[in-house]
Each structure stands twice: as C-alpha cells, then as structure tokens.
Amino acid sequence: MSQQATGQDLDALYQEIILDHYKNPLHAGLREPFEAEVHHVNPTCGDEVTLRVHLGGPEGRTVEDVSYDALGCSISQASTSVMADLLIGKTVDDALAIHTEFLTLMQGKGTVVPDEEVLEDGIAFAGVAKFPARVKCALLSWMAWKDATARTLEGQAS
Amino acid sequence: MVELPGLLPELEVVRKDFPILERSLAGGLPLVYLDSANTSQKPQIVIDTMVDHLERHNANVARAMHQLGAEASAAFEEARDTVAAFLGAPSRDEVIFTKNASEALNLVANTLAWAKGDRKIGEGDVVVTTEMEHHSNIVPWQLLTERTGATLRWFGLTDDGLLDLSNIDELITERTKVVTFTWVSNMLGTINPVAEITRRAHEVGALVVVDASQAAPQLPIDLAGMPETDRPDLLVFTGHKTVGPTGIGVLWGRREVLEALPPFLGGGEMIETVRMEGSTYAGIPHKFEAGTPPIVEAVGLGAALTYLGHVGMEHIHAHERAITGYAFEGLATVPGLTVLGPGDPAVRGGAISFELEGVHPHDVAQVLDVRGVAVRAGHHCARPAHARFGVQSSTRMSSYLYTTPAEIDALIEALHYTRSYFKVG
Ligand SMILES: Cc1ncc(COP(=O)(O)O)c(C=O)c1O
C-alpha cells in the first residue's frame, strides 16, 4: 500500500509523549560501568546510537543501566529515552518480553493494540507503525539494546 | 503566477506532459514534487514510447533474424544515437548502456584494475576523488584501491562548499592515474570546474572520470565541442534523473580508452568468437554490454533525451537557475534555516540541502509530506560531505523543468508550519 498520511496521522505520529521525550530525553549520556557497548546506524538516513548495557543483581540477570549517546530524529530519540526508562531495573527476562511486545507493536502496521501495562509510555509509538519509513527509526535503539544484552550474556557464559 | 526571468515560458504546457503531476495525495492535496535530484518524473512521451515498444516491437536485439528483431535492434541502436547526440559524443560507438550510473562507475573502476599495460592500476598508483561525491563515486574507488594496493586520495571542500583546489599539485602528480569527480553535487549543488581539473589531470597523463548524474539533467553537454585537453576521458550518467526510466545508465568513454580496457562482464553479445580454450571480444560498445540489455529502458531513455532536447537544455538550465534563486529568497525567510553549499544561487545546480534548527530532517520531511511536499531527508548518499560540514543529515529540495514558483511557495509555507508544529523559535 502507498504510504498516505493525513494531518490526523501526523498528530498520531508525533504524540505529546514523544515530543516530550525528544526534548527531555531520560537516562541520556554514556555511563560506567558497562559490560557491552554497541554502535548501530540506520544506513538510509545516518541516524546512529552508541549504547551501553550494564547487567547486575543476582546472577547478573537485572538490567542495572542502559546508557546511550544518540543522534537522530524525534522518533528515534524519543524511542531511546522511553526504552531506557522502561528497561532499567527490570530483569533481563522481563526486559526481553517488553522488547518483543514493542517489536510486535511496531511491525503490526497499525493493527496491534498496545498494552499500556507492559509498554507504559511506549504505547505512544502505536502511530509510528503506520509509517513504514519511520519504524526503523523507532527500532534503532531497541535493536542496539538487544545486541548489547546478548553480548553481555555471552560474556557471562564464557 | 510569479514572473521570473529564465522561467520556461511554456511551463504550464511542460507540466501537462507529466501525468503524475496531476495526481493528488491523501486529503486531496496537490503533489508538490521537490525530489527530482533523487529521481525525476516521466513525461507521457516516455511512457507511451515504452508501452508502444512493448506492444508492437518487442524482441531481443542483435540476435533475432525476424522483422520484430530488426525493429527492436533498430530502436535500441537509435537510442544510442540519441544519447550520443545528447552528449555531443565524438562517436556513437563510445556510448555504452549500463544499468545506472553506479554500474558505469564500477565498470570503469574494475576494468582499470584488470587492464594490462599503461592503464592498469596497481601498487604505488594514486586515484583522486573528492569529498563531495555520491557514495557511488567513492566506494568503487575504495574497492579498487584496496584490491590493488593503490592509494585513494581526495579533494577536500571549502567552507563555501566548493572543491578546495589549493593542494591540486599535491594531489595530481606523476603517480596519479585517475582523477574522478562529480560535475554537479547532489547534496551541495556545487557546479565543479570540469575543464580546469581535467586539463591539470591530463598534464600528468591521468584519466579523468566525470560523474554527470546531476549535470546531465540540467546542463547542456557538448563533449565534441570541448578542447581535447579539457574533455574528460570517461563520463557517466543515469537515465532516471533525465526523465527516463530506471534500469538504464550510460557510460561514455573516449574510444582509445574503451578499446584499451578489458571487458567487464562476460556473456552473450560481448564476444566475437567463443571456443572452449578462450574467446575474443566484440568491439566497442558491445564489448561492455554482456547479455540481453535493458532494451525498452534504452528506448525510453532515447525518448526522454529527445524530449529534453525539444525543450532545450539551455532553457532547462535557465529555468533551474531561476527556481533556485527564487527558492533561496524564500528559504531566507524561514528563521533558523541554514543552506549548505555555495551561497550564490547563480553558480549552483537545482538541489538545495538545508538544516532547520531544532527539527531533525526526518521530521521536517515527514511534516512536509503531510502537506503534499515531497523532499528528501538523510545524507543523500553523500555522508562524507555531510561529515565535512559537521552535520549528520539534512533536508534537500530539488527542482526540475516542471517546478513552479508556486511549488516553492508551498515548500516555504510548509517549513514555517513545521517550525510551529515543533514549537521552535
Ligand atoms: C551525483 C550522483 N552520482 C551517482 C548517482 C547514482 O545514480 P544511480 O543510483 O542511478 O546509479 C546519483 C544519484 O543517486 C547522484 O546524484
């Protein structure tokens, strides 16, 4: 289908929550300690994120910190902020479940009803799913987090 | 309508030639297409010519003995004549059809690695490109120099977005085998001094490869009319930016150079005779056209260049300059907007990249799109040029022969709206 957007969709895309996170991102900056640092880019537009993950707690299964340095559009910046706020303090298993939920929402082409219990501010991205070109923006840091977490878990195992 | 000197006098008639300009977008908004540097729209005559070819003349070229084959071959070769005339090429055999500009550049870079004798690029040789190139004129040369042990060097840019030629004597030396650069920058709009750089490169015996992907759509080109010292040795462009279809590009090369280079792809059509022990190759242009070519695309390109010829490249150039000047005036009224590249619209091509303070280019393009204004956001395949100016990405408007001053007004109005939408300023 062609990507036809109206003014209404624009407001659905740029929810207040998104613009707030864009202007005042949470947990921004790169911090110590961390077990893995990754750098992901969106090759079509050049948006990029450097992201660090620190796992701690019992058996290292808690997301103690997600810190980042990101350059990009409002959608990618806000998504990074929302993600960090959602995932910090969760167990890795819970965080991965939230990741899956967010991914399902973004890949649902606007048909998935988001669960606010799980995604909290993340539900604001429901409108992004209707803009195929922007889904990648919203997912950039989520993919980076998953990559960094996988590397950290690999490091623990070896 | 605004009266601007240089504007195509028959602009409304020209617009009627492009059916897509009549469609509307979501919400019934008219289309304001300002992304022609990315790809241009197609006039009815190109669409009709291609349909007619498929409906009436379709056959393979060069290898079919029947009437349709003769017609298809004639149409294909006629397209080559049209391209040769469009470029003012000294000989029609010097025109090679490729898939696009990228393939043409890769053809040159690869065959230079495989060449024997003088032309061969190897260890110790230098290839010079520039910091304002499209990735298509950087990466093939990186691949070439990495594989052969040659060195890749490049011209930097001045703060004003021009090529910095101050170290030309350090870059173009006896070791320099190739100098390649874009005629018109797709990001900065800069028009580069082809004759001056080519002359200097020829003094050291280097080959000059010009990327005319953005020049061919908007500047008159007359290769045969250039003094030999100033004429590039190889030049490429891509069909879809010159109101032609996708899937077709052009490599023009000086006969002696093309004859000295080995084949690029092997296959049907590029051979003279094939024996299991080895083959001999066809002469140019067929030596570089292995396999069934993009026939209907070439025919469409021929129709496109004929169309541009009827409008007149001089007139199109004047139109682009008028629109660019008008856009510069409009953009200057948008607070927090900075144009990248040369500040004088008179010396630019029809692409204008800019930044809008406080709003990321993606978000600018998104809001403009909802207003029916199509622009490009990102690094426009010119990441090094963006890095040079310390920006990660930009928004780019690009006009063409069908662009009206009213469309520029719509862009400017939408930019003001974008600022208010994002509550900046
Ligand atoms: C200056 C320049 N060179 C090369 C290209 C590549 O053209 P194509 O993608 O058709 O090969 C483009 C356009 O994308 C361009 O603007």
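Reader: Hi! How far is the polar side-chain atom of B:Ser213 from a nitrogen atom of the ligand?

Author: Happy to help! This is a predicted model, and in it that side-chain atom of B:Ser213 sits 3.4 Å from a ligand nitrogen.

Reader: Thanks. And what about an oxygen atom of the ligand and B:Gln214?

Author: There, a polar atom in the side chain of B:Gln214 is 2.7 Å from a ligand oxygen. B:His240 also takes part: an N or O atom of its side chain lies 2.8 Å from an oxygen atom of the ligand.

Reader: How much of the ligand's accessible area does the protein cover?

Author: The protein covers 89% of it, where the ligand on its own has 400 Å².

Reader: Nice. How many residues surround the ligand, and which are the closest?

Author: The ligand has 13 residues around it. The closest are B:Ser102, B:Asp211, B:Gln214, B:Thr238 and B:Lys241.

Reader: How does that shell divide into nonpolar, polar and charged?

Author: Ten residues of the shell are polar, two are charged and one is nonpolar.

Reader: Switching to the two chains now. How many residues of chain A are in contact with chain B?

Author: On the chain A side there are 27, and they touch 18 residues of chain B.

Reader: What area is buried between them, and what do carbon and sulfur atoms give?

Author: About 1900 Å² is buried between chain A and chain B, with 50% of that coming from carbon and sulfur atoms. Interface size is often quoted this way, as the accessible area lost when the parts come together.

Reader: Good to know. How many salt bridges are there between chain A and chain B?

Author: Three salt bridges link chain A and chain B. One of them pairs the side chains of A:Arg134 and B:Asp363, at 2.8 Å from N to O. There are also 13 residue pairs in polar contact across the interface, counting pairs with both residues at pLDDT 80 or more.

Reader: Which elements of chain A give two or more residues to that side?

Author: Those are helix H1 (7-13), helix H2 (16-23), helix H3 (74-87) and helix H6 (132-157) of chain A. Sorted by residue class, the side of chain A that touches chain B has 13 nonpolar, eight polar and six charged residues.

Reader: And over all chains, how many salt bridges does a search of the whole structure find?

Author: The total is 26. Among them is B:Arg383 with A:Glu48, whose side chains meet at 3.0 Å, N to O.

Reader: Why does that pair join two chains?

Author: B:Arg383 belongs to helix H12 (residues 383-388) of chain B, while A:Glu48 belongs to strand S2 (residues 48-56) of chain A, so the pair joins two chains.

Notes:
Residues numbered from 1 in each chain as written. Chains lettered and ligands numbered in written order. Predicted model: local features only at pLDDT ≥ 70, side-chain atom pairs only at ≥ 80, totals over all residues. Heavy atoms only, no water. Near = heavy atom within 4 Å. Polar contact = N/O pair within 3.5 Å; in protein donor to acceptor, adjacent residues only side chain to side chain. Areas by Shrake-Rupley, 256 points an atom, 1.4 Å probe, with all protein chains shown as cover. Nonpolar A, V, L, I, M, F, W, Y, C, P; charged D, E, K, R; others polar. Contact = heavy atoms within 4.5 Å. Buried area = accessible area lost by both parts, 1.4 Å probe. Salt bridge = Lys/Arg side-chain N within 4 Å of Asp/Glu carboxyl O. Helix = DSSP H or I, 4+ residues; strand = E, 2+ residues; numbered from the N terminus.
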